[in-house]
Amino acid sequence: MINKNKKVALTGGFAVGEAMTQINPDVMAVYPITPQTPIVEYLARKVANGKADTEMIQVESEHSAMSACIGASASGARTMTASASQGIMYMMEVLPVASAMRLPIVMAVANRAISGPLNIHCDHSDAMAMRDTGWIQIFSENAQEAYDNTFIALKLAEKVLLPATVNLDGFILSHSVENLELLADGLIYKFIGEYQPEQHLLDFEKPKTFGAIALPDSYFEFRKQIYDAMEKARAEFNEITKEFGELSGRKYEQIEACETENAETVIVAMGSTCGTIASVVDKMRAEGKKVGLLKIRLFRPFPYGEVQKALKRIKRVVVMDRNMTFGSQQVLASEVQKALGAELESVIYGLGGRDIYERQIEEIFEGKKDSPYFLM
Amino acid sequence: MIKKNKQKISTSGTCAGCPIGIIARTVLNGTDNPIAVTNATGCMEVTTTIYPNTSWKVPYIHSVFGNAGATVSGMETAYKALLKKGKIKTEKPVKFVAFGGDGGTYDIGLQALSGALERKHDFLYVCYDNGAYMNTGNQRSGGTPFGASTETTPAGKESFGKEVIRKDLATIVAGHHIDYVATANVGFIDDFQAKVKKAFETKGPSFILVFSPCPNQWQHSPKKTIEIAKLGTKTCFWPLYEVINGKYKISYRPKSRLKIEEFMQTQGRFKHIFKSKNKEALIKDIQGKVDEEWERVEDLEETGAKV
């Protein structure tokens, strides 16, 4: 029970676990995977001690985790889960079923590289792999954002009836202790409210069939409904984050620009590296160098208009992807290029948890091409 | 007799002679409690839910092929959670049913089913076993019997059809130490009905494996479905038994066991066996396998050994 806002020191994983405890979802179906496990363990401990009464389903695979979430959410339960990496790949088959059934499931993803070779450390390959499954995807820079994004994702998901992920960098955020402010339970309750789905499976007065077959005469229309819901999520995100800002004093937008106004070079990135870049920007600005940062918070739906507006006057744009696409342009670089309609530079960095330091960010700003830390 | 206004499903999209409608109806009519159903991808699903139509007059959800066990776990848990919070009210407790074919149960859905059984969710799983992936056009499954010709184990000069026996699914399920497991047969409808009733009365998971001839792919006349189903049990190819709290109990003991040929010769999928130059050896082998399984079940019943 949190009676009033309080400052605490928590890992990002525990911060998300605390957010879930405060939400107290009806059902959480989850399978262990590093670096997600602190999230589920945190909630499991809260349930074991009577601090939350979520029904936990300790399933036997991620495929079953998402399948059980679908069964529970369709039945009218507020439903959450958490996963990463191979877990996301394993549940891939059912991820688009969740969005097609318009189920507002919320999943925390402690972003981790995908095999092979086996690697348990951070990159964004798992999030990128699920980018076309109809899930809203929000990225977090630090533990505070991971905590806050959990509430924002839930409210947005329930508003537009699409599932949503809260991405937090594996280990870098999930396992690192940071200071953050927790919100009082009363504020959370006011923000998220009771979950009362208009339609659900356990309505015996008006029995419904979920998951019917759609032939060529209707499949297209069903997919279009997901498309429209995702488009609707743009404006709703703004409304919801505005409300959250009034509640918490923390204002979140789809993108966050840092010193981009008169910048000559701007790096575009997502996740925890944005903190490092921001610190380099401050340092280089002090040296009179015109550099800036554009952080992408909302990845799906992608904020093309906002990105275009922020970057249209920038001479040199460098996009940093923490994932690798083969035989094609990198994912975030492609999105930014579409928004910008102009050439840009693309950098791949941090695969499989390869650290990147301020020195390398400076090198990227300065246009260095070769480094063991990044690939230009 | 089913009163029309009480009908919980009206199937019409199946192939002629397909017993899937009988199976679904028998199960749904086995309780007066409200029922919510999930269904693995397969013949039952595709023939009953082509948008904008549905045959189901009870809540129904289909997700993917291999997750009926996990989906029903989520449904049943959601119900528990909503009940606890006073968010759902029904006069009688809700019963949860998962349907899957042999492909969706013996093979791709086995892990999800195993997890659901181990976690002891309160639900009934019904596997309708037609011995191959019939919805995709008769490819062999873990439930396909030895010697059957399928599109992926076709009989030919060098092949007599499927070279390995089917999994013993009922025993695999019983190995989860659940309270009620039974085999059933659409050709023995009273027995099937009684088993459904018992399954619904069971607290926790229960499982019924029901024999379901497929006229299209077994290649027999649609008129012969029930007759062939009966032969399956009368030859002991499909023994009927229950495993109650781990103990085997045979439900039907043929007075005089018919020879396996009497079952096999009714179906095109075994036709090649009778034309083979190894006919006698093959039939002897198959009869031996049937005898072995029947004797195993008899032994288990006699000794009272628990699974």
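Me: In which sense do strand 15 and strand 16 of chain A pair?
Reply: In this predicted model, an open sheet of chain A has six strands in the order 10-12-11-14-15-16, with mixed pairing. Within strand 16 of chain A, A:Leu375 is the bridge partner of A:Ile348. Strand 15 (residues 345–349) and strand 16 of chain A are joined over two bridges, and the sense is antiparallel.

Me: Which strands stand at the edges of that sheet in chain A?
Reply: The sheet is open, with the strand order 10-12-11-14-15-16 in chain A. An edge strand here has a single partner strand, so one side of it is left without a neighbour in the sheet. The strands in that position are strand 10 (255–258) and strand 16 (374–375) of chain A.

Me: How many residues of strand 5 of chain A are buried?
Reply: A:Val106, A:Ala108 and A:Ala110 point one way from strand 5 of chain A, and A:Met107, A:Val109 and A:Asn111 point the other way. Residues on both sides are buried. Strand 5 (residues 106–111) of chain A is therefore largely enclosed by the rest of the structure, the count being six of the six.

Me: How many bridges join strand 5 of chain A to strand 7 of chain A?
Reply: Strand 5 of chain A also runs parallel to strand 4 (residues 79–83) of chain A, with four bridges joining them; there A:Ser83 stands opposite A:Val109. Towards strand 7 of chain A, A:Val106 stands opposite A:Ala164. Strand 5 and strand 7 of chain A run parallel, and the number of bridges is six.

Me: Which element gives the most to the side of domain 1 of chain A that touches domain 2 of chain A?
Reply: The domain assignment of chain A gives domain 1 (6–248) and domain 2 (255–375), and 27 residues of domain 1 are in contact with 19 residues of domain 2. On the domain 1 side, the elements giving two or more residues are helix 6 (125–129), strand 6 (136–139), strand 7 (164–169) and helix 9 (219–248) of chain A. That side divides into 13 nonpolar, eight polar and six charged residues. The most, five residues, comes from helix 9 of chain A.

Me: What distance separates the centres of domain 1 and domain 2 of chain A?
Reply: The domains in question are residues 6–248 and 255–375 of chain A. Their centres are taken over C-alpha atoms, and the separation is 27 Å.

Me: Which residues have the most contacts inside the largest nonpolar core?
Reply: The core has 215 residues, and helix 7 (residues 143–160) of chain A gives the most to it, with 10 residues. It draws at least three residues from each of domain 1 and domain 2 of chain A. Beyond its neighbours within four places in sequence, B:Val210 is in contact with residues including B:Ile23, B:Val126, B:Ala184 and B:Phe192. The residues with the most contacts inside the core are A:Val268 and B:Val210.

Me: From which element does the largest share of the side of chain B that touches chain A come?
Reply: In total, 39 residues of chain B are in contact with 38 residues of chain A. Strand 1 (35–39), strand 2 (60–62), helix 3 (68–84) and helix 5 (110–118) of chain B each give two or more residues to that side. By class, the side has 21 nonpolar, 14 polar and four charged residues. The largest share, 13 residues, comes from helix 3 of chain B.

Me: Which residue of chain B does A:Thr209 stand opposite?
Reply: Strand 9 (residues 209–210) of chain A pairs with strand 2 of chain B in the parallel sense, over two bridges. Opposite A:Thr209, in strand 2 of chain B, is B:Tyr60.

Me: How far apart are the end C-alpha atoms of helix 12 of chain B?
Reply: In helix 12 of chain B, the buried residues include B:Leu282, B:Ile286 and B:Val290. The buried residues of this helix pack against strand 7 (241–244), strand 8 (247–250), helix 10 (260–264) and helix 11 (271–275) of chain B. With 25 residues at 1.5 Å a residue, helix 12 (residues 279–303) of chain B should span 36 Å, and its end C-alpha atoms agree, being apart by 36 Å.

Me: Which residue takes a positive phi just after helix 3 of chain A?
Reply: Helix 3 (residues 62–74) of chain A reaches 18 Å from its first C-alpha to its last, and 13 of its 13 residues are buried. Just after this helix, a positive phi of about 100° is taken by A:Gly76.

Note on methods:
Residues numbered from 1 in each chain as written. Chains lettered and ligands numbered in written order. Predicted model: local features only at pLDDT ≥ 70, side-chain atom pairs only at ≥ 80, totals over all residues. Contact = placed C-beta atoms within 7 Å. Nonpolar A, V, L, I, M, F, W, Y, C, P; charged D, E, K, R; others polar. Pairing = 2+ DSSP bridges. Core = buried A, V, L, I, M, F, W, Y, C linked by C-beta atoms within 7 Å. Buried ≥ 20, exposed ≤ 12 C-beta atoms within 10 Å, placed from the backbone. Domains from an automatic or database assignment. Expected span 1.5 Å × (residues − 1).
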